[in-house]
Amino acid sequence: MALVTEKEILAALKRIKDRDLNKSIVDTGGVRQLKNKDGNVSLKIALAKTGTAEQMQVQQEIVNVLKSEGAKSVGLRFETLSEEELEKFGGATASPYSGPSLLAPTSKTTFITVASGKGGVGKSTVSVNVAVALARQGKKVGIIDADIYGFSVPDMMGIETRPKVVGKRIYPVERFGVKVISMGFFVEDNAPVIWRGPMLGKMINQFFSECEWGDLDYLVLDLPPGTGDVALDLHAMLPESKELLVTTPHATAAFVAARAGAMAIKTHHEMLGVVENMSYFQSEKTGEKEYVFGKGGGERLAEELKTELLAKIPLGQPKVNEEDFAPSIYDIAHPIGQIYNDLAIRMIEKTRHV
């Protein structure tokens, strides 16, 4: 098959409609950027609304149509049309979805925000294993991969499918008894996310309102590291949450993590406790522990924030099951899996979900 040309790409995109405006994304001026290098197509598309079920339908249609035309790969980025453009095409009359939200006052869901002061401390690994451990305790659990720029939850959990879209509702993917939604489902070919803070906050809000979560006991939110816009927006958005702060034993990591904990406290959220990750390496042959990153970071952080050190998790790697691949999820029979199981039980006790 011959490689797709730019003219063929635009002709194909003309057949795809912005669902909210009922007009072609070419006619709305929604094709902001088009690059085609040897059949590897990169697009920036503007829609009336982003982070919705309609966006997911559009992006899947674009990928399918362009690959059928001969594209080798399709990378997509999205942004919203300007207010002037929306008025021009009648988008101002389209009312946003106003269905049930986990943020409603009647919601019984406990929000667990998993935060860290810096990247690389294993926050996402803790997030996915905490979520799975809570589900193993019989709880109804969801997880939002809110680390928008560094989304990793689908890969860590071995998720290869995408959420289903029915009408205007997005049905999260379920894996290990946990319902999952991630920014990773809204981009193609691992494209980078180059969005500004306000748009990201809107996207996160739609994860709450447009996803069909059902009745959850817990919603785990894997926050971006630090105290940037997304983390701040989330703390402001949530009615209340319990914060699990992840650090390593290293003094610097604990010092930086204290800032994230302080932000949670200042925004009137409750510190659930501290998890010290990469606490030590234990030799399988001798059983001897080596404190690769030092000692005491978790204790110092818990003391400073007047909270509890809930778990110390050693360096390790799950056993890979090729038939049920999930590179970051520990089996309950694994020693580290048992630590996560004990952590989940302690969290349930502290949040009174018994």
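These are my notebook entries on a predicted model.

**Overview**

I started with the whole chain and found 10 helices and 17 strands. Buried residues make up 54% of its 354 residues. I then looked at contacts with a separation of 6 or more: 76% of them join residues 24 or more positions apart. The exposed area comes to about 16,500 Å², and carbon and sulfur atoms supply 50% of that.

**Salt bridges**

I searched the whole structure and got 13 salt bridges. I looked up a few of them.

Lys49 and Asp20 meet at 3.7 Å, N to O. Lys49 sits in the loop between β4 and α2, and Asp20 in the loop between β1 and β2, so this pair ties together parts 29 residues apart in sequence. I checked burial too: Lys49 is buried at 18% relative accessible area, and Asp20 counts as buried at 17%.

Next I took Glu79 and Arg32, whose closest N and O atoms are 2.8 Å apart. Glu79 belongs to strand β5 and Arg32 to strand β3, so the bridge ties together parts that are 47 residues apart in sequence. Glu79 is partly exposed, at 24%, and Arg32 is partly exposed as well, at 31%.

Then came Lys242 and Glu270, with 2.7 Å between the closest N and O atoms. This bridge links strand β13 to strand β14, across 28 residues. Lys242 is buried at 18%, whereas Glu270 is partly exposed at 39%.

I also noted a network: Glu308, Arg346, Glu349 and Lys350 are joined by salt bridges that share partners.

**Aromatic rings**

I counted three aromatic pairs. One of them is Phe111 with Phe208: the ring centres are 6.1 Å apart and the planes stand at 80°, so I logged the pair as edge-to-face. Phe111 lies in strand β6 and Phe208 in helix α6, so the pair ties together parts 97 residues apart in sequence. Both Phe111 and Phe208 are buried.

I looked for charges over rings as well. Lys289 lies over the face of Tyr280, 4.4 Å from the ring centre. The charged end of Lys295 sits over the ring of Tyr291, at 4.1 Å from its centre.

**Helix α9**

Which residues of α9 are buried? I found Gly297, Gly298, Leu301 and Ala302. They cover an arc of only 125° around the axis, which puts them on the same side of the helix. Glu303 and Glu304, on the other side of α9, are exposed. Just after α9, I noted that Lys306 takes a positive phi of about 55°.

Definitions and conventions:
Residues numbered from 1 in each chain as written. Predicted model: local features only at pLDDT ≥ 70, side-chain atom pairs only at ≥ 80, totals over all residues. Heavy atoms only, no water. Phe/Tyr/Trp six-rings, centres within 6.5 Å; stacked < 30°, edge-to-face > 60°. Helix = DSSP H or I, 4+ residues; strand = E, 2+ residues; numbered from the N terminus. Buried < 20%, exposed > 50% of the residue type's maximum accessible area, 1.4 Å probe, protein only. Lys NZ or Arg CZ within 6 Å of the ring centre and 35° of its normal. Arc of directions from axis to C-beta. Contact = heavy atoms within 4.5 Å. Areas by Shrake-Rupley, 256 points an atom, 1.4 Å probe, with all protein chains shown as cover. Salt bridge = Lys/Arg side-chain N within 4 Å of Asp/Glu carboxyl O.
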